[in-house]
Amino acid sequence: MKVLVIGSGGREHVLVWKIKQSPLVDKIYCAPGNGGIGAIAECVDINGGAIPTLIEFVKEKKIDLTVVGPEAPLVAGIVDAFEKEGLKVFGPNRQAAQLEGSKVFSKEFMVRNKIPTADFKAFDNIDEAKEFLAKASFPIVVKADGLAAGKGVVLCKDLAEAQKAVDKIMQEKVFKDAGHKVVIEECLIGEEISILAISDGECFCLLDSSQDHKRIFDEDLGPNTGGMGAYSPAPIVTRDLFKEIEARIIEPTIRGMKSEGMPFKGVLYAGLMLTENGIKVLEFNVRFGDPEAQVVLSRMKNDIVEIMLASCEGCLNEIQTQWDPRSCVCVVMSAGGYPGKYETGGEITGLNDVIETQSPRPDEKIDGIIFHAGTKKDGEKIVTSGGRVLGVTNFGDDIEQAIKNTYVAVEKISFEHCFFRRDIGARAIKHMQEIPEAIGQR
Ligand code: AMP
């Protein structure tokens, strides 16, 4: 069968890489793709937002399944448009994608369905939002309602910061219509965990746990980024916690969406905070996370295409997920300056020195897998074209070994002004030592 993947980041590279392993697939296209994806799929120069052009392309090439990587086309209704034309597509429709597309929708849904989340209030009026802030206690979190490319959440330590955030979102409209409403919510303290599930609208399968490192600098300092690295499994997610998340969050979400007439198909990503008062939802996303996808999909033993087809066709109950018992780590190599201003166009060297090996024999060197994010081909060279450039990924028998193996691969690669964190996974090692029932103990 022929598959089209929509998107151009590290998440789409791992999706293409994983789809390519399926015996069901003989041709993969990626729109628009990137410098690394071009080596394993045919990249086509169509943007994810160009829904009519994508439909035309899928019809012309007789593509059997389309997989949507990023949230924006899902929230814009790409699944509805494809399904109207009788085309098979993996992901939630527009109504279901509101779980990510509108924070007000998602918070109100959680309240209706008794899913634990931070206390909040929603406002569509700037004066009322500010009146509320005047009596609030701090720190507090201000969120633009709609999609804001990961930048719509402001953690405010005092009233002045919170008022400024509300002004920027609702008055200056820095996120355009996404700032028509705001959510103001309690600031949760704890550790963040990502749990992903794939659903067919009724049944779901859980993917193994992962944690990412959102801050730019070591020791989780500095501004938030799209993610500077990740690991799977996350030792902090013990078997009991995993079961609790399934019972209190994932299951009621899938059931609630169905009973409210918006069955959720595709990837449900629950961003969670493990607080003193138990597990709470920070946010839902309606697609794979990046770089969590790199580590979770690398460890998945199933044929991902079988799972995606089962999600589209409503037969996920027949699927049992299976996982590589090894740990997996992804270190993001970024352009210096990111998440602020950075330069692009520099040549990346050393890529061919990392030989991809998935199941190495004992006499074989473990080298790693390089997932490209912000790269493009420039003649024979691969050059940087974005803030997060590469996601270098590798396995190990335990988290410590996976970290070591990954950094060996990272050290082989270079480009001008390259920056990466040197402590990806360090938190996981700490949990392994502190939590007796931590997952991944050997
Ligand atoms: P979101 O886009 O809602 O996931 O928020 C992005 C990031 O902001 C999360 O991954 C958290 O690090 C942080 N965040 C969001 N909501 C809260 C909250 N209520 N308390 C503390 N941190 C939060």
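How are helices H5 and H6 oriented to each other? To follow the answer in this predicted model, select residues 94-101, which form helix H5, together with residues 103-112, which form helix H6, and look along their axes, which come within 6 Å and cross at roughly 95°. Angles from 65 to 115 degrees count as roughly perpendicular, and H5 and H6 are therefore roughly perpendicular to each other.

Next, show the side chains where these two helices touch: Gln98, Leu99 and Gly101 on the H5 side meet Lys103, Phe105, Ser106 and Phe109 on the H6 side. Sorted by class, this contact of H5 with H6 is made up of three nonpolar, three polar and one charged residues.

From H6, move on along the chain to Lys114, which lies in the loop between H6 and strand E6 (120-123). Although Lys114 is not a glycine, its phi is positive, at about 55°.

The following stop is a pair of cis peptide bonds. Select Phe138 and Pro139, which are joined by a cis peptide bond with omega of about 0°; Pro139 sits in the loop between helix H7 (126-134) and strand E7. Then select Ser232 and Pro233, where a cis peptide bond has omega of about -5°, and note that Pro233 is placed in the loop between strand E15 (229-232) and helix H9 (239-259).

Now centre the view on the ligand. Which residues come nearest among the 14 around it? They are Glu185, Glu186, Leu188, Glu192 and Glu283, and three of these names are worth selecting one after another for their polar contacts with the ligand. At Leu188, a polar backbone atom is 2.8 Å from a nitrogen atom of the ligand. At Glu192, an N or O atom of the side chain is 2.4 Å from an oxygen atom of the ligand, while at Glu283 an N or O atom of the side chain is 2.5 Å from an oxygen atom of the ligand.

With the ligand still in view, switch on a surface: taken alone, the ligand exposes 460 Å², and the protein buries 92% of that area. To see which elements build the surrounding shell, colour strand E7 (140-144), strand E8 (153-156), strand E9 (182-186) and strand E17 (278-285), the elements that each give two or more residues to it. Finally, colour the shell by residue class, and the residues around the ligand divide into seven nonpolar and seven charged, with no polar ones.

Conventions
Residues numbered from 1 in each chain as written. Predicted model: local features only at pLDDT ≥ 70, side-chain atom pairs only at ≥ 80, totals over all residues. Heavy atoms only, no water. Axes fitted to C-alpha atoms, helices over the stretch in contact; angles between N-to-C directions. Helix = DSSP H or I, 4+ residues; strand = E, 2+ residues; numbered from the N terminus. Parallel < 35°, antiparallel > 145°, perpendicular 65-115°, else oblique. Contact = heavy atoms within 4.5 Å. Nonpolar A, V, L, I, M, F, W, Y, C, P; charged D, E, K, R; others polar. Near = heavy atom within 4 Å. Polar contact = N/O pair within 3.5 Å; in protein donor to acceptor, adjacent residues only side chain to side chain. Areas by Shrake-Rupley, 256 points an atom, 1.4 Å probe, with all protein chains shown as cover.
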